[in-house]
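Here is a friendly walk through one protein chain, written for someone who works at the bench. Please have the sequence and the 3D view open as you read.

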Amino acid sequence: MLTLKQINENKEDVIARLSIKNFEGKDLIEEVIHLDTQRKTIQRKLDSLLAEQKALSKEIGNLFKQGKTDEANEAKQKVSDLKEDSKELATEMDNTEKSISSILLKIPNLPHASVPKGKTADDNVEVKSGGTIPSLPEDAKPHWELAKNLNLIDFELGVKITGSGFPVYKGKGAKLQRALINFFLEENIAAGYSEMMPPLMVNEDSAYGTGQLPDKDGQMYHVQTDNFYLIPTAEVPLTNVFRGVILNASDFPVKLTGYTPCFRREAGSYGKDVRGLNRLHQFDKVEIVQIEHPSKSYDTLDEMVAHVEGILQKLELPYRILRLCGGDISFTSALTYDFEVFSTAQEKWLEVSSVSNFESFQANRLMLRYREEGEKRNQLAHTLNGSSLALPRILAALIENNQDETGIVIPKALQPFCGFDRI
RNA sequence: GGAGAGAUGGCCGAGUUGGUCGAAGGCGCACGCCUGGAAAGUGUGUAUACCUCACAAGGGUAUCGUGGGUUCGAAUCCCACUCUCUCCGCCA
């Protein structure tokens with residue numbers, strides 16, 4: 001969430017930038033500033049009342065020791081009276097603070113200056129593309145047919161075991177999954193990321209920490225008996241590693257990668273968007289996360305984009321990179337680049353990665369700070385993350401684009417990881 | 001799941017007949033002295049948030065797992081919850 005300092009010091013700018021995200025924030029901003037002023041007034045009063053009580057209470061101890069019982073009892077009464085007042089103020093303070101934070105939770109992150117205006121995905125700006133879209137034979141098939149014919153994925157079996165959106169990978173299909181996971185992890189490790197295997201369920205604090213709650217409640221699977229959430233992305237556990245942590249400026253950049261399955265309820269999705277591997281309730285993804293110094297986070301974002309692009313090039317897939325417009329960018333992000341690969345048989349672009357800079361938005365909720373050498377005051381760090389990469393749509397594009405008369409050709413970079421060069 | 005013990009500052013650890021305890025002591029860390037240099041020794045400092053304020057100094061408030069209660073006053077007493085450890089049970 002935004003800090004009160006950000007809001008107080010740049011009110012007009014905050015409102016203007018929120019409007020890029022199509023968020024009408026004027027009223028909320030005004031209100032939160034007002035409440036904050038109120039809070040300060042209350043705290044001043046409350047603190048001085050408490051200070052008086054504290055001093056008197058100490059005095060009472062002394063008086064009793066000296067045997068001045070009458071004076072002590074007199075002071076007791078006085079403190080009791082003061083306490084009445086401070087109790088009221090404390091309640092007021094509490095309510096005001098609650099109102100403030102409930103408003104702050106509703107305000108999205110400020111978009112970066114380079115975020116284009118726009119309402120929908122059509123307004124996203126293509127910043128780069130690469131690879132070659134292959135020309136496929138007349139009878140080219142979409143991935144769900146290929147996967148079935150070649151016995152790589154059994155969607156019906158997944159329905160039987162669990163439900164739609166939970167595919168079963170079989171034989172070479174399963175091995176291809178493992179190969180992709182290893183390939184991605186090795187690429188990330190080679191780029192300086194440390195691997196971590198985090199829990200697949202997180203507690204409520206963690207879900208709040210990265211902003212999934214309260215914004216995306218209902219999109220996550222919730223294990224109610226234990227109040228755990230199944231992770232929708234490894235971003236949640238990996239970033240929460242740093243919840244409440246104070247780093248040294250010299251610790252930057254912190255680079256983590258991790259493979260996890262991801263679980264999403266995807267309520268409301270239907271039709272061709274969910275066909276085959278296009279949208280699943282459980283899918284595999286390798287994630288990259290960085291914690292960075294505020295002055296370097298945009299360079300780091302560029303570096304992460306270049307890194308993901310390099311992987312797509314090794315996979316020889318046709319891709320494009322989009323800068324998301326205000327209407328399509330997420331609640332928590334300041335700037336996001338989406339990667340899409342072209343699925344030739346479906347003739348459409350599929351999102352396979354989303355790389356974002358959250359600036360201090362997540363860090364504020366996480367209380368993730370750093371200490372500058374020689375400075376006393378702690379600052380909020382910047383957090384970034386990206387998929388590197390999400391498996392299902394990569395797999396979809398891979399088998400569609402590389403199909404020939406008798407099967408599927410495996411790209412060179414992947415062959416050492418799967419141990420075969422075609423299916 | 002059953003029985004018991006415990007949760008204190010970066011770490012270890014005192015404090016639980018309630019009072020001057022944000023908290024002894026040690027370690028670690030930072031800076032200084034000492035030294036040719038280092039070690040040892042020695043001195044000083046070393047939590048977080050908010051308020052006041054210039055995001056200075058100084059001052060104030062809160063925080064000893066979390067939330068509530070008793071009391072003039074709680075790390076210390078009471079209640080609930082969470083977590084950790086030990087033993088038993090179960091188990092990949």
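## Lys11 and its partner

Let us begin with a single side chain in this predicted model. Lys11 is partly exposed, as its relative accessible area is 24%. Which residue forms a salt bridge with Lys11? The partner is Glu30, and the closest N and O atoms of the pair are 3.4 Å apart. This contact links distant parts of the chain, since Lys11 belongs to helix α2 (residues 11–20) and Glu30 to helix α3 (residues 26–65), 19 residues apart. Glu30 is partly exposed too, with 32% relative accessibility.

The pair has company: Lys11, Lys26 and Glu30 are linked in a network of salt bridges. Helix α2 also holds Leu18, and this leucine is buried, with a relative accessible area of 0%. Leu18 and Glu30 are twelve residues apart in sequence, and their C-alpha atoms are 14 Å apart in space.

## The chain as a whole

Now step back to the full chain. Chain A has 13 helices and 16 strands. Its C-alpha trace spans about 100 × 45 × 45 Å along the principal axes. Of the 423 residues in chain A, 49% count as buried.

## Two further salt bridges

How many salt bridges does a search of the whole structure find? The search finds 15. One of them joins the side chains of Lys170 and Asp154, at 3.3 Å from N to O. Lys170 sits in the loop between β3 (168–169) and α7 (171–190), while Asp154 is in strand β2 (residues 153–154), so this salt bridge ties together parts that are 16 residues apart in sequence. Is Asp154 buried or exposed? Asp154 counts as buried because its relative accessibility is 18%, and buried here means under 20%. Lys170, at 27%, counts as partly exposed.

Another salt bridge is formed by the side chains of Glu303 and Lys255, with an N to O distance of 3.4 Å. This pair again links distant parts of the chain: Glu303 is in helix α10 (residues 297–314) and Lys255 in strand β9 (residues 254–263), 48 residues apart. Glu303 is partly exposed at 37% relative accessibility, whereas Lys255 is buried, with a relative accessible area of 16%.

## An open sheet of eight strands

Strand β9 leads us to the sheet. Eight strands form an open sheet with mixed pairing, and their order is β1-β11-β12-β13-β16-β10-β9-β4. Which strands are at the edges? They are β1 (125–130) and β4 (194–195), each of which pairs on one side only.

Strands of a sheet pair through backbone hydrogen bonds, either parallel or antiparallel. Starting from the β1 edge, β1 pairs with strand β11 (residues 319–323) in the antiparallel sense, over five bridges. Here Glu126 stands opposite Leu322 in β11. On we go to the next neighbour: β11 and β12 also pair in the antiparallel sense, over five bridges, and the bridge partner of Arg320 in β12 is Glu340.

## Strand β12, covered on both faces

Why is strand β12 (residues 335–343) described as largely enclosed by the rest of the structure? The reason is that nine of its nine residues are buried. In a regular strand the side chains alternate between the two faces of the sheet. Both faces of β12 are covered: Leu335, Tyr337, Phe339, Val341 and Ser343 are buried on one side, and Thr336, Asp338, Glu340 and Phe342 are buried on the other.

β12 runs antiparallel to strand β13 (residues 348–359), and nine bridges join the two. Among the partners, Leu335 is matched with Asn357 in β13. The two strands form a hairpin with four residues between them, and Glu347 in the turn has a positive phi of about 55°.

## A negative patch on the surface

We finish on the outside of the model. Asp81, Glu84, Asp85, Glu88 and Glu92 form a negative surface patch. Glu84, one of these residues, is found in helix α4 (residues 69–104). Glu84 is exposed, because its relative accessible area is 56% and the cut-off for exposed is over 50%.

Notes. Residues numbered from 1 in each chain as written. Chains lettered and ligands numbered in written order. Predicted model: local features only at pLDDT ≥ 70, side-chain atom pairs only at ≥ 80, totals over all residues. Heavy atoms only, no water. Patch = residues over 30% accessible without salt bridge, like charges linked within 9 Å, V, L, I, M, F, W, Y side chains within 5 Å. Areas by Shrake-Rupley, 256 points an atom, 1.4 Å probe, with all protein chains shown as cover. Salt bridge = Lys/Arg side-chain N within 4 Å of Asp/Glu carboxyl O. Lys, Arg positive; Asp, Glu negative; His and termini not counted. Charge placed at Lys NZ, Arg CZ, Asp CG, Glu CD. Buried < 20%, exposed > 50% of the residue type's maximum accessible area, 1.4 Å probe, protein only. Pairing = 2+ DSSP bridges.
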